[in-house]
Amino acid sequence: MGINERFLEIINSLYSGNKRAFAQDIGASPSVVENVVGTRQGKPSFDVLVKVCANAHVSAEWLLTGKGQMLAVTETQIATPKVVDQFPLKTDHPIHTPQSVPLYELDAVAGLSSLFDTCTRHIPVNHLHIPDLPPCDGALYVRGDSMYPLLKSGDIVLYKEVGSPKNILWGEMYLLSFNLAGEQYISIKYIQKADTPGLVRLVSHNPHHAPKDIPLDSINALALVKASVRFNTMG
């Protein structure tokens, strides 16, 4: 049984098959739930996994691996692993006060690989303080129109670094750096599975940009886009 089937089992067992009630209970849109349990069979995002475990009281170990019982144990029993323990990203820590997320100018940090290098200290141009923001490692200005109208040039994306391309959640939006034919590229794309093994498909939100398949091992820096900021007026 895969994770999509486990989602469906939760809906059938705990919500009498009512997908809308399940979506409302965990705090997700019905379309997000339908994407996971419907014909598309998409993989749930990290945020959705956290919401299911926290709000539907489902065991993280069962949800992610199928082992153990569906429902989480009580406080008097042995605690089950947290979802964040299954996704070893960089900034998994409790957020007690609004984060101070560093905002970088990409031209000043010599690319994503350099920016993500923990041994190199980069000076941010500013800091963002946004209430109830999920854990983020940094923020960058958007350049280009490949994700327009969802994102436009001049917007800010807040990201969380991903330790390895093997941790990709298919269909989610990523900030990534990759090398092709000796040229370095930085882009914001949806990442999907490609038809050819060893390749991934980069998909734009802008329909004027065609999808492109690249080797998975050409990706040298990767971050999940967690939020975005847009200024409607300047000054």
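# A guided tour of the predicted model

Begin by selecting strand E9 (219-229), which gives the lining of the largest pocket its largest share, five residues. Keep in mind as you go that this is a predicted model, with a mean pLDDT of 85 for the protein chain and 86% of its residues at 70 or more.

**The largest pocket**

With E9 still highlighted, add H3, H4 and strand E6 (183-193), since each of these elements, like E9, supplies at least two residues of the lining of the largest pocket. The pocket holds about 790 Å³ of space, and 33 residues line it. To find the centre of the pocket, select Ser 45, Gly 171, Glu 172, Met 173 and Tyr 190, which are the lining residues nearest to that point. If you colour the lining by class, you should find 16 nonpolar, ten polar and seven charged residues.

**Helix H3 and its surroundings**

Move next to helix H3 (residues 30-37) and show the side chains of Val 33, Asn 35, Val 36 and Val 37, the buried residues of this helix. Which helices do the buried residues of H3 pack against? They pack against helix H1 (3-14) and H2, and it is worth displaying both helices together with H3 before going on.

Now select Glu 34 and Lys 19, whose side chains meet in a salt bridge with 2.8 Å from N to O. Glu 34 belongs to H3 and Lys 19 to helix H2 (residues 19-26), so the pair ties together parts of the chain that are 15 residues apart in sequence. Glu 34 counts as partly exposed at 37% relative accessibility, and Lys 19 is likewise partly exposed, with a relative accessible area of 33%.

Two loops border this region in the sequence. In the loop between H2 and H3, select Ala 28, which counts as buried at 17% relative accessibility; its C-alpha atom is separated by 8.0 Å from that of Lys 51, which is 23 residues away along the chain. In the loop between H3 and helix H4 (46-55), select Gly 38, a residue that counts as buried at 11% relative accessibility. Measuring from C-alpha to C-alpha, you will find Gly 38 and Asn 4 to be 8.9 Å apart in space, although their positions lie 34 residues apart in sequence.

**Trp 62 in helix H5**

Is Trp 62, in helix H5 (residues 60-65), buried or exposed? Its relative accessibility is 6%, so it counts as buried. Leaving out residues up to four places away in sequence, Trp 62 touches Arg 6, Glu 9, Ile 10, Lys 67, Gly 68, Gln 69 and Met 70. You can also draw the C-alpha distance from Trp 62 to Ile 3, which comes to 9.3 Å for two residues 59 apart in sequence.

**A network of charged side chains**

A search of the whole structure finds six salt bridges, and the next selection takes in two more of them. Side chains of opposite charge can pair when their charged atoms come close. Select Arg 201 and Asp 213, which meet in a salt bridge at 2.8 Å, N to O. This pair links distant parts of the chain, twelve residues apart, with Arg 201 in strand E7 (residues 199-203) and Asp 213 in strand E8 (residues 212-215). Arg 201 also forms a salt bridge with Asp 195, where the closest N and O atoms are 3.4 Å apart. Asp 195 counts as exposed at 69% relative accessibility, whereas Asp 213 is partly exposed, with a relative accessible area of 32%. Through these shared partners, Asp 195, Arg 201 and Asp 213 are joined into one network.

**Backbone details**

Most residues other than glycine have a negative phi, and most peptide bonds are trans. Go to His 57, in the loop between H4 and H5, where phi is near 60 degrees, a positive value; this residue is exposed, with a relative accessible area of 52%. Then select Asp 132, in the loop between strand E2 (126-128) and E3, which has a positive phi of about 60 degrees and counts as exposed at 80% relative accessibility. Finally, look at the peptide bond joining Tyr 148 and Pro 149, which is cis, with omega about 5 degrees; Pro 149 lies in the loop between strand E3 (138-141) and strand E4 (156-161).

**A stretch to treat with care**

End the tour at residues 75-80, over which pLDDT stays under 50 and for which the model has four contacts beyond four places in sequence. Where pLDDT is low, the predicted coordinates should not be read in detail.

Terms used: Residues are numbered from 1 along each chain as its sequence is written. Side-chain values use heavy atoms; hydrogens and water are left out. A salt bridge is a side-chain nitrogen of Lys or Arg within 4 Å of a carboxyl oxygen of Asp or Glu. Helices (H or I, at least four residues) and strands (E, at least two) are DSSP runs, numbered from the N terminus. Buried means under 20% relative accessible area, exposed over 50%, partly exposed in between (1.4 Å probe, protein chains only). pLDDT is the predictor's confidence in each residue, from 0 to 100. Contact means heavy atoms within 4.5 Å. On a 1 Å grid over the protein atoms alone, a cavity is a set of points where a 1.4 Å probe fits but cannot get out, and a pocket is an open set with protein on both sides within 12 Å along at least five of seven lines; lining residues have an atom within 4 Å of a point. Grid points are joined across faces, edges and corners, and a volume is the space filled by probe spheres set on the points. Ala, Val, Leu, Ile, Met, Phe, Trp, Tyr, Cys and Pro count as nonpolar, Asp, Glu, Lys and Arg as charged, and the others, Gly among them, as polar.
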